Amino acid sequence: MRKLGILLIGVLTLGSIARAQRPDLPGSLVVDWGLNTFLNAPTDVKLSSFNSKTVNVIYYYDLPIGDNGLTFTPGIGLGMERFTLENGKTLRTSVNNSNVRSVAVADLATVYPQANTFDKSKVGLNYLDIPLEFRYYTSKNNLSRGFRVALGAKVGVLYSSFTKVKFEDNAADQRMIKDRQDLGFQKFRYGVQARVGFGGFSLFGYYELSDKFDIAPAGGVDTQGLSFGISLTGF
């Protein structure tokens with residue numbers, strides 16, 4: 001998540017510049033930073049609660065509904081989810097002779113026999129998202145200030161998935177292997193989300209109604225995603 005943290009800082013810095021140089025720039029750039037978890041996780045999957053993170057970078061545009069502080073607010077952006085697996089586990093995919101793919105939760109020691117000790121095991125998912133929100137602002141004349149609440153939905157398309165493992169090999173060299181592959185996750189996701197905040201700061205939550213897996217490992221048929229955290233408005 002170091003790269004995502006750098007991205008977060010960069011977006012907010014650019015947002016501050018944009019606010020200073022272009023105060024009339026339409027819409028707003030919002031960065032969500034929070035935690036991920038699985039509901040009904042697959043068998044043998046335990047996530048590190050504070051190391052499974054999400055970052056969303058979204059451009060929103062408010063469309064007023066009358067003059068009472070209500071808006072319809074569509075957006076478009078990128079969603080980046082990182083799940084840290086504990087207990088020496090990773091996801092492993094394979095294709096048989098009939099070209100049928102399967103996904104399993106595997107031991108790191110089996111997948112990487114050259115490893116001596118393991119540091120981290122992560123699964124990464126990257127989405128192109130379209131959120132749609134209905135918002136209420138108490139500050140009707142300046143939507144960037146005052147209290148606001150939002151309810152809506154988000155749909156997304158998965159465009160990249162990978163595993164990332166850090167370990168020390170038998171030669172005492174530090175290794176990192178990032179394997180971009182189809183891990184059986186759903187290509188399309190949808191769910192409900194909510195925000196509440198004041199000024200440029202908000203709290204957010206997103207609950208996936210879609211199943212997390214298309215090709216599920218054992219115990220993962222009913223797995224869904226949940227994320228929550230803070231939102232910062234760049235401009």
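Good morning. I begin with one residue, Asn 40, which is exposed, with a relative accessible area of 52%. The cut-off for calling a residue exposed is over 50%. Please keep in mind throughout that the model before you is a predicted one.

Where does Asn 40 sit? It is found in the loop between strand E1, residues 28–39, and strand E2, residues 53–60. Its backbone deserves a remark: Asn 40 has a positive phi of about 60°, although it is not a glycine. Asp 44 lies in the loop between E1 and E2 as well. Asp 44 also has a positive phi, of about 75°, and is not a glycine either.

A third residue of this loop between E1 and E2 is Phe 50. Is Phe 50 buried or exposed? Phe 50 is exposed, with a relative accessible area of 64%. In sequence, Phe 50 and Phe 83 are 33 residues apart, while in space their C-alpha atoms are 9.7 Å apart.

Phe 83 leads us to the interior. The structure holds four cavities of 30 Å³ or more, and the largest of them has a volume of about 50 Å³. Phe 83 belongs to the lining of that largest cavity, together with Phe 38, Pro 42, Val 45, Leu 85, Leu 91, Val 123, Phe 213 and Pro 217. What is the character of this lining? Its residues divide into nine nonpolar, no polar and no charged.

Let me now turn to strand E11, which covers residues 201–208. Its side chains alternate between two faces. Ser 202, Phe 204, Tyr 206 and Glu 208 point to one face and are buried. Phe 201, Leu 203, Gly 205 and Tyr 207 point to the other face and are not buried.

Which strands are joined to E11? One is E10, residues 188–198, which runs antiparallel to E11 and is joined to it by eight bridges. Within this pair, Arg 195 stands opposite Phe 204, one of the buried residues of E11. E10 and E11 form a hairpin with two residues between them. In that turn, Gly 199 has a positive phi of about 60°.

Another is E12, residues 224–233, again antiparallel to E11, with seven bridges between the two. Here Tyr 207 has Leu 226 in E12 as its bridge partner.

To close, I return to the loop between E1 and E2: it contains Asn 40, Asp 44 and Phe 50. Of these, I have described Asn 40 as exposed, and likewise Phe 50. Thank you for your attention.

How values were computed
Residues numbered from 1 in each chain as written. Predicted model: local features only at pLDDT ≥ 70, side-chain atom pairs only at ≥ 80, totals over all residues. Heavy atoms only, no water. Buried < 20%, exposed > 50% of the residue type's maximum accessible area, 1.4 Å probe, protein only. Helix = DSSP H or I, 4+ residues; strand = E, 2+ residues; numbered from the N terminus. Pairing = 2+ DSSP bridges. 1 Å grid on protein atoms, 1.4 Å probe; cavity = no way out; pocket = protein on both sides within 12 Å on 5 of 7 lines; lining within 4 Å. Points joined across faces, edges and corners; volume = space filled by probe spheres on them. Nonpolar A, V, L, I, M, F, W, Y, C, P; charged D, E, K, R; others polar.
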